[in-house]
Amino acid sequence: MSGNESRRKCALVTGASKGVGRGIALALGKAGYDVAVNYRTDEAGAEDTMKHLVDMGCRAITHGAHVGNRDQVRAMVAKVIDKLGGLDLLVNNAGITLWGPILELSEQVWDDTIETNLKGTFLCTQAAGRHMAEHGGGRIVNIGSGAGKRPFPGASAYNASKGGIEMFTQVSAVELGPRGITVNCVAPGAVEIERTRIESPDYAETWGSVTPMRRVGVTDDVGSAVVFLASEASEFITGQTIYVDGGLFTQAVWPYEKQ
């Protein structure tokens with residue numbers, strides 16, 4: 001990893017005010033990282049995430065920035081480096097899901113989704129990667145989705161963005177590997193968080209019943225995968241996508257009676 005080994009390692013997690021992002025931030029705090037909590041609109045949620053981190057004994061800061069805006073991203077990365085003393089790990093988690101059938105989808109919905117999910121991953125990777133390349137390397141973990149592997153009807157922009165993240169992960173790994181930077185993707189399946197519970201009150205039962213592990217994921221499942229990819233145990237792993245989905249998107253439709 002980059003920087004002075006006498007200091008604690010530092011991570012930036014985008015979209016960490018709630019849900020999967022918060023779970024990742026807290027998992028990294030437990031693993032010994034100081035953490036910068038990015039948010040776009042939910043300042044209160046980000047402050048709450050930071051409070052939990054501080055209670056663990058971590059140094060933590062919050063920073064409001066739209067990951068799809070180059071200047072805001074560069075200012076955010078500069079602040080993280082200044083306040084926490086470096087940047088060893090970037091987790092590109094910030095994302096939005098906007099629904100609509102292709103023939104009725106507005107250009108604005110498409111643009112907003114791609115700007116946040118895919119462009120945001122690029123801009124943050126570029127800004128953080130420049131620092132890492134100059135300071136001995138680092139780790140980047142992009143948060144994908146089962147939507148990068150299977151089509152989600154009504155979510156074409158989301159599918160496109162997450163599929164793009166998987167390929168961007170691979171090309172980033174190839175380009176940045178010689179600079180000591182690993183780049184991987186964690187793709188969650190059905191994970192129960194505030195948003196999914198609002199979208200479907202019976203979310204856990206519905207998706208758990210079709211997941212081979214017979215449950216939905218929780219944020220700790222995703223956080224554990226990120227912690228692994230940030231650890232020394234994964235130092236020779238790069239360009240990979242790990243599906244944290246209980247087998248959900250590995251299982252194909254099987255038209256015969258189950259044995």
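**Exercise 1. Is Cys124 buried or exposed, and how many disulfides does the structure hold?**

Some ground rules before we start. This is a predicted model, so local features need pLDDT of at least 70 and side-chain atom pairs count only at pLDDT 80 or more, while totals for chains, interfaces and linings use all residues. Residues are numbered from 1 along each chain as its sequence is written, and side-chain values use heavy atoms, with hydrogens and water left out.

*Solution.*
- Step 1: Cys124 has a relative accessible area of 1%, so it is buried. (Buried means under 20% relative accessible area, exposed over 50%, partly exposed in between, with a 1.4 Å probe and protein chains only.)
- Step 2: Searching the whole structure turns up 0 disulfides, a disulfide being a pair of cysteine sulfur atoms within 2.5 Å.
- Step 3: Cys124 is in no disulfide, and the nearest cysteine sulfur, in Cys185, sits 15 Å away.
- Step 4: Go the other way: from the sulfur of Cys185, the closest cysteine sulfur is that of Cys124 at 15 Å, which is too far for a bond. Cys185 is buried too, at 0% relative accessibility.

**Exercise 2. Work out which residues of helix H3 are buried and what they pack against.**

*Solution.*
- Step 1: Check the geometry. H3 covers residues 70-84, and its 15 residues at 1.5 Å a residue should span 21 Å; the end C-alpha atoms are 21 Å apart, so the two agree. (The expected span is 1.5 Å times one less than the number of residues; helices, H or I with at least four residues, and strands, E with at least two, are DSSP runs numbered from the N terminus.)
- Step 2: Pick out the buried set: Val73, Met76, Val77, Val80 and Leu84. They take up an arc of only 95° around the axis, so they lie on the same side of H3. (The arc uses directions from the helix axis to the C-beta atoms.)
- Step 3: Find their partners: strands E1 (10-13), E2 (34-39) and E3 (60-64), plus helix H4 (107-134).
- Step 4: Look at the ends. At the N-terminal end, Asn69 acts as the cap, with a side-chain oxygen 3.1 Å from the backbone nitrogen of Asp71. Just after H3, Gly85 has a positive phi of about 90°.

**Exercise 3. Map the surroundings of Thr125 and Met132.**

*Solution.*
- Step 1: Thr125 belongs to helix H4 and is buried at 5% relative accessibility.
- Step 2: Its side chain makes a 3.1 Å polar contact with the side chain of Asn92, and also reaches the backbone oxygen of Thr121 at 2.7 Å. (A polar contact is a pair of N or O atoms within 3.5 Å; within protein, one must be able to donate a hydrogen and the other to accept it, and residues adjacent in sequence count only if both atoms are side-chain atoms.)
- Step 3: Leaving out residues up to four places away in sequence, Thr125 touches residues including Leu90, Ile140 and Phe168. (Contact means heavy atoms within 4.5 Å.)
- Step 4: Met132 is in H4 as well, buried at 0%. With that sequence filter, its contacts include Leu90, Gly138, Ile140 and Ile181.

**Exercise 4. How many residues of strand E6 are buried, and how many bridges join it to E5?**

*Solution.*
- Step 1: In E6 (residues 181-188), 8 of 8 residues are buried.
- Step 2: Sort them by face: Ile181, Val183, Cys185 and Ala187 on one side, Thr182, Asn184, Val186 and Pro188 on the other.
- Step 3: E5 (residues 138-143) runs parallel to E6, with 6 bridges between them; strands pair if DSSP finds at least two. One of the links is between Gly138 and Ile181.
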